Amino acid sequence: MECRQCGSPLKKPGDFCLICREGNTETVVLEAARDRATLTMITDDTVIGKTTVTTAPEEGDLEVVELRNFAGLLGDELRRKRPEEVYATGNRAVIQAVREDTHYTFYRIEDESPVEAVLERRGDRALDVVDVPPAEKIGGSHTTLIGGRTGMQAIQTVAGHPHVKKVIPGPIDAGGIGSQSGLRAKVTRADDGGNVRMLLRDGSSVQENHVVTTARERELGEVVRADLNEALEEAGLQS
């Protein structure tokens, strides 16, 4: 394959071009099992290549090293591509290890045909990306968050999604039922305009936060909601 920008030859399909410093892969879909994983590269809504990496799972103390090495090989493939986004499905331990190795933002995709599902999703939201730091998306008249640092982590996790425009913290209701489980966060069903709400619960306190998304209808808002709840679960904050 040649670079789509300058025509220089690439060692693998979709590699980042080191000559003109331009990317050739927009999206990678990672399908991970414990013993093998496939990365599918997508550009202009077209599959341009696939790579499969395998491992021999170990047990006990050896598993930690083996899993880290497996994740490192997958991370190397991602770094070769430098994609704009990564979707992942399958084994959570593998996905988490790759996330830690690469520091990419991963979006979960749960579908029997994940590549086809991602292609369909990309067509639905071609321009719906907000490329600003999470801190700049947080605003409103209520500046106090329940849960302290953990509450802020939940807010920033949601604000970090590329299809979130704004997170507006709401007032705190301290009249709920007490709980000893610590802070928990959940994103509720999208409204007709595609926006959602994130509920933070900490003990007897509840805070409802308005989340403005780039979705323009309920169906696409539900896609964003699923992503946000998955991100909160990965962060250990999901109720």
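This report walks through the sheet, the helices packed on it and the nonpolar cores of one protein chain.

The model is a predicted one. Confidence is a good place to start: the chain averages a pLDDT of 90, and 94% of the residues score at least 70. Among the elements, β2 has the highest mean pLDDT, 97, while β5 has the lowest, 81.

**The sheet**

Let's look at the strands next. Five of them form an open sheet with mixed pairing, in the order β3-β2-β1-β4-β5. At the edges sit β3 (46–54) and β5 (106–108), each of which pairs on one side only. On average, neighbouring strands of this sheet are turned by 25° against each other, direction ignored. Inside the order, β1 (residues 27–32) and β4 (residues 85–90) pair in the parallel sense over six bridges. A32 stands opposite G90 in β4.

Two helices, α1 and α2, pack on the sheet. Here is how they sit:

| Helix | Residues | Strands touched | Angle of direction |
|---|---|---|---|
| α1 | 61–81 | β1, β2, β3, β4 and β5 | about 10° with β2 |
| α2 | 92–102 | β1, β4 and β5 | about 160° with β5 |

**One side of α2**

Which residues of α2 are buried? They are V94, I95, A97, V98 and T102. These residues lie on the same side of α2, because they cover an arc of only 165° around the axis. As a reminder, an α-helix has 3.6 residues a turn, so residues three or four places apart point the same way. The partners of the buried residues of α2 are β1, α1, β4 and β5, against which they pack.

**Two nonpolar cores**

The largest nonpolar core has 20 residues, and those with the most contacts inside it are V158, V167, M198, L200, V211, L228 and L232. At least two residues of this core come from each of α4 (148–159), β6 (164–168), β8 (184–187), β9 (196–202) and α5 (218–234). With four residues, α4 gives the most to this core.

L232 makes a handy viewpoint if you are browsing the coordinates. Leaving aside neighbours within four places in sequence, L232 is in contact with A154, T157, V158, A185, K186, V187, M198, L237 and Q238. Of these partners, V158 and M198 are also among the core residues with the most contacts inside it.

A second core of 19 residues is separate from the one around L232. Its members include L30, A37, M41 and L78. L30 falls within the residue range of β1, and L78 within that of α1.

How values were computed:
Residues numbered from 1 in each chain as written. Predicted model: local features only at pLDDT ≥ 70, side-chain atom pairs only at ≥ 80, totals over all residues. Heavy atoms only, no water. Core = buried A, V, L, I, M, F, W, Y, C linked by side-chain atoms within 4.5 Å. Buried < 20%, exposed > 50% of the residue type's maximum accessible area, 1.4 Å probe, protein only. Contact = heavy atoms within 4.5 Å. Pairing = 2+ DSSP bridges. Axes fitted to C-alpha atoms, helices over the stretch in contact; angles between N-to-C directions. pLDDT = per-residue confidence, 0-100. Arc of directions from axis to C-beta.
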